[in-house]
Structure formats: structure tokens, C-alpha cells
Amino acid sequence: MAKIWGKMWALMGLLLFNSVCNVSSLSVNVNNIECVYEYVLYEGDTISGNFVVVDHDIFWGSDHPGIDFTVTSPLGNTVHELKGTSGDKFEVKAPRSGMYKFCFHNPHSAPETVSFHIHIGHIPTEHDLAKDANESTRKRVIGYTVGEYILLTLVSALQVIYIRQLFSKSVAYNRV
């Protein structure tokens, strides 16, 4: 029973780490075609990762065709493709946000185990940084302008009160 709880805690820790770091890593058995889906939040995010066929150098002969890897966008367009490989690194800029499909195709009849790692992250561009600076400056200018108007209204109100007090006093002048 303690073993089961230990495995559950390890799984929960792994899921928590995965949600914090936005990193996915898994192993899949590829018989024919196996696909993994990952959601990309922002257009322009970088999708990077790698995969490797486990123990390919032991079991594969020179006649093995390797496996194929494709990344498909939410609209169904192929954004990255590798043919006949035992593993590789990849990096793709997401053309749009949405659910991306990562598929492995094994043309050989023997099932293969593929270790797969993916990272999705938003890397700000110069345009994003300039936009953020512009937005920050705009907020400060609006804040200073509103503060200036409040101060101007307060000073004007104090002037009106002061002038009314000057004219409200009845001063007795000696008339000759």
C-alpha cells in the first residue's frame, strides 16, 4: 500500500512540475502512428524539443527505415517534418495559438519506444518589448495628467474659498 501512495505522490509531483515549467516529457510505443497533442497559448511561441528511439542502435539493422516525425498546426498544416530518423532536435515558431499535433510514424512492423521531450514558451520579440515600453509610458502620462487635473481643481477651489473669505469680512472704514 505504501508503494502505491509513493507512486501517486511522485506522479502528482511530476504533474505539478509539468504545469509550472510548461515542459512535457514522455515515452510512447509506436506501432504504426502515434500522436501527442499539446496546446500553445500564444501565436509566435517557440515550440522546441527532441525525441529519440530508445535502444535503436541495438535493435535496428542497416535496412530499418527509421521513424517519421511531423508537427501539425491547429489548421492542419504541417509546420515541421522529419523523415527516417532515429531521433533529432526541433524548434518551430507557432504560427497561431491552438492545439498542435506531434505524430510519430513507424513504417516497420516492430513496435518502437520513443522518448519525447517538448517545451513551449513565449520569447518576447523587439516589437513586444517596444509595445510594453509604450504601454508603460502611456499609463504614466495618463496618471500624471489625471493627478495634475486633480491638483489644479484643488488649487482653484482653495483660491475661490480664500477670495470669498476676503470679501465676506465687513471692514469698518472711518469716513470723513
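Begin by selecting Thr 70 and Glu 81 in this predicted model. Glu 81, in strand 5, is the bridge partner of Thr 70. Next, extend the selection to residues 67-72, which make up strand 4, together with strand 5. These two strands pair in the antiparallel sense over five bridges. As a general point, the strands of a sheet pair through backbone hydrogen bonds, either parallel or antiparallel.

Now display the sheet to which these strands belong. Four strands form an open sheet in the order 2-7-4-5, and their pairing is antiparallel. Which strands stand at the edges? They are strand 2 and strand 5 (78-85), and each has a single partner strand, so one side of each is left without a neighbour in the sheet. On average, neighbouring strands of this sheet are turned by 10 degrees against each other, direction ignored.

Turn next to the interior. Select Ile 47, Phe 51, Phe 69, Tyr 100, Phe 102, Phe 104 and Phe 116: within the largest nonpolar core, which has 18 residues, these touch the most other members. Colouring by element is helpful here, as strand 2, strand 3, strand 4, strand 7 (98-105) and strand 8 (112-121) each give two or more residues to this core. Strand 8 gives the most, with four residues. In soluble globular proteins, nonpolar side chains tend to be buried together.

The surface offers a contrasting view. Select Tyr 37, Tyr 39, Leu 41, Tyr 42 and Met 99, which form a nonpolar patch there with about 580 Å² of accessible area together. Within this patch, centre the view on Leu 41. This residue is found in the loop between strand 2 (33-40) and strand 3 (46-53). Is Leu 41 buried or exposed? Its relative accessible area is 56%, and Leu 41 is therefore exposed.

Proceed to Ser 109, in the loop between strand 7 and strand 8. Ser 109 is likewise exposed, with a relative accessible area of 70%. Add Asn 32 to the selection and draw a distance between the two C-alpha atoms: Ser 109 and Asn 32 are 7.6 Å apart in space, although 77 residues separate them in sequence.

Finally, show the whole protein chain as a cartoon. It has three helices and eight strands. Followed from the N terminus on, the elements run α-β-β-β-α-β-β-β-β-β-α. Of the 176 residues in the protein chain, 23% are buried.

Methods:
Residues numbered from 1 in each chain as written. Predicted model: local features only at pLDDT ≥ 70, side-chain atom pairs only at ≥ 80, totals over all residues. Heavy atoms only, no water. Patch = residues over 30% accessible without salt bridge, like charges linked within 9 Å, V, L, I, M, F, W, Y side chains within 5 Å. Areas by Shrake-Rupley, 256 points an atom, 1.4 Å probe, with all protein chains shown as cover. Salt bridge = Lys/Arg side-chain N within 4 Å of Asp/Glu carboxyl O. Buried < 20%, exposed > 50% of the residue type's maximum accessible area, 1.4 Å probe, protein only. Pairing = 2+ DSSP bridges. Axes fitted to C-alpha atoms, helices over the stretch in contact; angles between N-to-C directions. Core = buried A, V, L, I, M, F, W, Y, C linked by side-chain atoms within 4.5 Å.
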